[in-house]
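Please open the model in your viewer, with a cartoon for the backbone and sticks ready for the side chains. The tour moves from one selection to the next and says what is to be found at each stop.

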Amino acid sequence: MRNDEVDPVDARLGARLAGLRAEHGWSLGELADRSGVSRSTLSRAERAEISPTASLLNRLCAVYGRTMSQLLSEVEAEPEAVVRFAGQQVWQDRASGFVRRSVSPPHSALRGELVEARLAPGADIAYDRPPVAGLEQHIWVLEGALDVTAQDTEHHLGTGDCLRMRVWGPTRFRCAAPEGVGYLLAVVRP
């Protein structure tokens, strides 16, 4: 894809973000006040002039009461009962080195979802709030090492380790392996 071409997922995501804001009857200024994201950044994301970062999407998900996967599923095709590898949507935050594959995307009849995630060496992602208070997460490290901070407690996870938690406040994910880390994230809505 050329640099001046808009990524189709970013275009659909921008349109959905604009639609959510309109559904709530908020101006860009009102959404900026609620999310802590500047009006110009919100406007550029809605017009797909920028690819939103994981942190930006997390702030917007918190305002709209959605998980990131729920939001992203709204711009993806309706999931089938069997989600083939080739059909699993991949999204990446190039700025932070975060890549997520929606292995089992959200579905209106289900509360859980599976996400395969990779963090590049040195990647450090902080979320200032959960997208949905009390969100249940299970983080299973497939390869490498991951440091997760939740509720002021740091957890060092190695290959095969699994952290189970409910998310009520800020969280931080740091790649603690020189080769990067791969993990599976199971998310269950409250």
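What follows is a walk through a predicted model, beginning with a helix and the nonpolar core and continuing through two sheets and their aromatic residues.

**First stop: helix H4 and the core**

Select residues 54–64, which make up helix H4. Within H4, the buried residues are Ala54, Leu56, Leu57, Asn58, Leu60, Cys61 and Tyr64. An α-helix has 3.6 residues a turn, so residues three or four places apart point the same way. Just beyond the end of the helix, click on Gly65, which follows H4 and has a positive phi, near 70 degrees.

Now widen the selection to the largest nonpolar core, which holds 46 residues, and colour Leu57, Phe98, Leu119, Ile139, Leu146 and Tyr183, as these touch the most other members. Helix H4 gives the most to this core, with six residues.

**Second stop: Trp26 against Tyr64**

Keep Tyr64 in view and add Trp26. How are the two rings arranged, stacked or edge-to-face? Their centres are 5.7 Å apart and their planes stand at 15 degrees; planes under 30 degrees apart count as stacked, so the pair of Trp26 and Tyr64 is stacked. The pair links distant parts of the chain, with Trp26 in the loop between helix H1 (8–24) and helix H2 (28–35) and Tyr64 in helix H4, 38 residues apart. Trp26 is buried, with a relative accessible area of 12%, and Tyr64 is buried as well, with a relative accessible area of 8%.

**Third stop: the six-stranded sheet**

Turn next to the open sheet of six strands, whose order is S1-S2-S3-S10-S5-S8 and whose pairing is antiparallel. Strand S1 (90–93) and strand S8 (162–167) are its edge strands, each pairing on one side only. From one strand to the next, the twist averages 25 degrees.

Within this sheet, select strand S2 (residues 98–104) and strand S3 (residues 112–119), which run antiparallel and are joined by six bridges. Phe98 stands opposite Leu119 of S3, and both Phe98 and Leu119 are among the core residues that touch the most other members. Arg101, for its part, has Glu116 of S3 as its bridge partner.

Show the side chains of S3 and look along the strand, where they alternate: Glu113, Val115, Ala117 and Leu119 point to one face and are buried, whereas Gly112, Leu114, Glu116 and Arg118 point to the other and are not. S3 also pairs with strand S10 (residues 181–188), in the antiparallel sense and over eight bridges, and there Arg118 stands opposite Gly182.

**Fourth stop: the loop from S3 to S4**

Follow the chain into the loop between S3 and S4, where Gly122 is found. Is Gly122 buried or exposed? Its relative accessible area is 63%, and since exposed means over 50%, Gly122 is exposed. Select Pro178 together with Gly122: the two are 56 residues apart in sequence, but their C-alpha atoms are 7.5 Å apart in space.

**Fifth stop: the four-stranded sheet**

The four strands of another open sheet come in the order S4-S9-S6-S7, again with antiparallel pairing. Its edge strands are strand S4 (124–127) and strand S7 (153–157), each of which pairs on one side only, and the twist averages 15 degrees from one strand to the next.

Select S4 together with strand S9 (residues 171–175), since these pair in the antiparallel sense over four bridges. The bridge partner of Ile125 in S9 is Phe173, and Ala126 stands opposite Arg172. The side chains along S4 alternate too, with Ile125 and Tyr127 pointing to one face and buried, while Asp124 and Ala126 point to the other and are not.

**Last stop: Tyr127, Phe173 and Tyr183**

Which residues form an aromatic cluster here? Show Tyr127, Phe173 and Tyr183 as sticks, for these three form one cluster. Both Tyr127 and Phe173 are buried. The rings of Tyr127 and Phe173 have their centres 6.1 Å apart and their planes at 80 degrees, so this pair is edge-to-face. Because Tyr127 lies in strand S4 and Phe173 in strand S9, the pair ties together parts that are 46 residues apart in sequence.

Finally, centre the view on Tyr183, whose contacts, leaving aside residues up to four places away in sequence, include Phe98, Val115, Leu119, Ile139, Trp140, Leu146 and Phe173.

Note on methods: Residues are numbered from 1 along each chain as its sequence is written. Side-chain values use heavy atoms; hydrogens and water are left out. A nonpolar core is a set of buried Ala, Val, Leu, Ile, Met, Phe, Trp, Tyr and Cys residues joined through side-chain atoms within 4.5 Å. Buried means under 20% relative accessible area, exposed over 50%, partly exposed in between (1.4 Å probe, protein chains only). Helices (H or I, at least four residues) and strands (E, at least two) are DSSP runs, numbered from the N terminus. Contact means heavy atoms within 4.5 Å. Two strands pair if DSSP finds at least two bridges between them. Axes are lines fitted to C-alpha atoms, for helices over the stretch in contact, and angles run from 0 to 180 degrees between N-to-C directions. Rings of Phe, Tyr and Trp (its six-membered ring) pair if their centres lie within 6.5 Å; planes under 30 degrees apart count as stacked, over 60 as edge-to-face and the rest as tilted.
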